[in-house]
Amino acid sequence: MSLIYPKESLSAYPKHLSPEYKSTVKRSPSKPLIIVPHTLSELSGPAFGHDAMQEGDNDLTKQGKGEPLGERIIVHGRVLDEDKRPVPDTLVEIWQANACGRYVHIVDQHPAPLDPNFTGAGRTITDKNGYYKFITVKPGAYPWGNHHNAWRPNHIHFSVFGQSFLTRLVTQMYFPGDYLFPYDPIFNSVTDEKARNRMVSAFDLENTIPDWALAFRWDIVLRGREQTPLDNDEH
Amino acid sequence: MSEITPSQTVGPFFAYGLTPKGRNKWDPNGTYSWKETAGDNLITPDATGTKIRIEGCISDADGAPINDAMLEIWQADSQGRYLHARGEAPRPNAKFTGFGRSATDKQGVFSFDTIKPGAVAGPNGKTQAPHIVFCIFSRGMLRQVYTRLYFSDEAANAADPILALVPADRRGTLIAHKQTGGAVPTYRFDIRVQGDNETVFFDI
């Protein structure tokens with residue numbers, strides 16, 4: 001089986017230049033991107049063994065001496081390709097603000113408290129069904145400097161690798177029904193509503209653990225689908 | 001068919017999760033507690049070939065340094081073999097992954113210590129000159145950009161099928177220049193995201 005990576009699938013991506021998100025203005029290419037074929041250099045890609053992980057790397061509530069403050073949550077789902085096949089053995093990394101909306105990053109100056117029991121970084125490798133799971137706390141909203149009274153909706157940053165260097169994805173997972181959605185230029189840089197909603201997790205009552213943690217379900221779909229005879233004809 | 005999950009920016013605060021040891025480029029007081037998955041030194045005991053260093057600065061439309069970028073590289077080994085290329089025999093030097101990550105410092109400077117890659121197979125039976133694929137993320141980038149580094153001292157560049165698709169007047173942005181002196185051969189590769197002498201990025 002050999003996967004192909006049609007560029008049309010990228011149509012839902014934000015444009016490099018999305019002026020409502022002001023930092024894109026000087027950090028987006030202005031000249032046309034050069035179209036080149038996918039070679040071995042793009043069709044291969046890094047893989048990470050389980051030896052890169054340590055037990056508990058996917059549990060962000062166990063990294064301190066005590067439990068972090070905030071709503072304990074389970075975030076889980078599957079990494080899939082465009083044919084809905086699971087992407088097994090792939091690295092998924094996350095980072096996020098704490099329950100108060102503060103990152104441990106030294107540059108974050110939001111005057112909300114740090115939590116000595118919460119770093120906000122986690123990682124895991126998908127199993128043979130493409131399944132991943134994290135235990136964490138729900139990140140808080142926080143202000144940022146893009147425009148007057150700008151606040152980011154609650155989100156968890158995700159970094160995923162997939163089968164090749166073309167499937168590399170860095171994105172953000174949002175929570176259902178966030179009242180800040182209409183005002184966030186990063187979320188709305190994805191202009192198609194259906195595509196935008198693919199970044200929003202679903203509340204998952206079935207996998208919520210009674211008396212312990214709410215669950216949110218989020219599947220991630222990476223580039224890549226099986227080549228069909230029609231694709232061959234095109235070449 | 002299922003539709004793909006859109007990209008979003010890596011934002012300004014990824015370092016403690018993705019490049020935790022890169023903090024010492026930023027702040028002499030140390031690193032974050034999280035261990036890195038991959039760093040900017042790719043050299044392993046099983047790596048064969050010429051050790052090299054790559055250094056550069058990434059800057060924006062005004063030429064201002066981008067001090068919160070993450071650069072990822074993917075490359076073949078000294079014999080032109082990728083670690084996880086489908087249909088190829090497993091490589092014996094499997095500890096050399098060919099994947100690296102570098103944060104930038106306050107001056108927008110990144111660096112990698114690695115092995116000079118060999119030539120690799122290209123489309124239509126052609127050979128690609130030695131090169132390294134770069135994938136770049138930063139605050140203000142809603143999606144990653146891809147570029148390639150080629151080496152100034154490689155005659156094979158003249159016949160490279162990918163370089164041939166780049167307009168001649170922009171090809172120079174993809175060439176890393178060998179520096180004189182230094183204990184390890186060092187190649188300078190500056191990246192300009194926008195503006196005069198804008199680096200070539202690929203639509204792939």
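Biologist: How many residues does each chain give to the contact?

Modeller: Two residues are in contact if their C-beta atoms, placed from the backbone, lie within 7 Å. Here the contact takes 69 residues from chain A and 61 residues from chain B. This is a predicted model, in which local features need pLDDT of at least 70 and side-chain atom pairs count only at pLDDT 80 or more, while totals for chains, interfaces and linings use all residues. Residues are numbered from 1 along each chain as its sequence is written, and chains are lettered from A in the order in which they are written.

Biologist: Which element gives the most to the side of chain A that touches chain B?

Modeller: Helices (H or I, at least four residues) and strands (E, at least two) are DSSP runs, numbered from the N terminus. Strand 10 of chain A gives the most to that side, with four residues.

Biologist: How do the residues of that side divide into nonpolar, polar and charged?

Modeller: Ala, Val, Leu, Ile, Met, Phe, Trp, Tyr, Cys and Pro count as nonpolar, Asp, Glu, Lys and Arg as charged, and the others, Gly among them, as polar. On the side of chain A that touches chain B, 34 are nonpolar, 20 polar and 15 charged.

Biologist: Which strand of chain B is joined to strand 2 of chain A, and does the pair run parallel or antiparallel?

Modeller: Two strands pair if DSSP finds at least two bridges between them. Strand 2 of chain A is joined by two bridges to strand 12 (residues 202–203) of chain B, and they run parallel. A:Ile34 stands opposite B:Phe202.

Biologist: What is chain B made of?

Modeller: Chain B has two helices and 12 strands. From the N terminus on, both helices precede the strands.

Biologist: What share of the residues of chain B count as buried?

Modeller: A residue is buried if 20 or more other C-beta atoms lie within 10 Å of its own, exposed if 12 or fewer, and partly exposed in between, with C-beta atoms placed from the backbone. Of the 204 residues of chain B, 47% count as buried.

Biologist: Which residues touch the most other members of the largest nonpolar core?

Modeller: Nonpolar side chains tend to be buried together in soluble globular proteins. A nonpolar core is a set of buried Ala, Val, Leu, Ile, Met, Phe, Trp, Tyr and Cys residues joined through C-beta atoms within 7 Å. The largest one has 94 residues, and those touching the most other members include A:Val79, B:Met70 and B:Phe134. Strand 7 (residues 131–138) of chain B gives the largest share, six residues.
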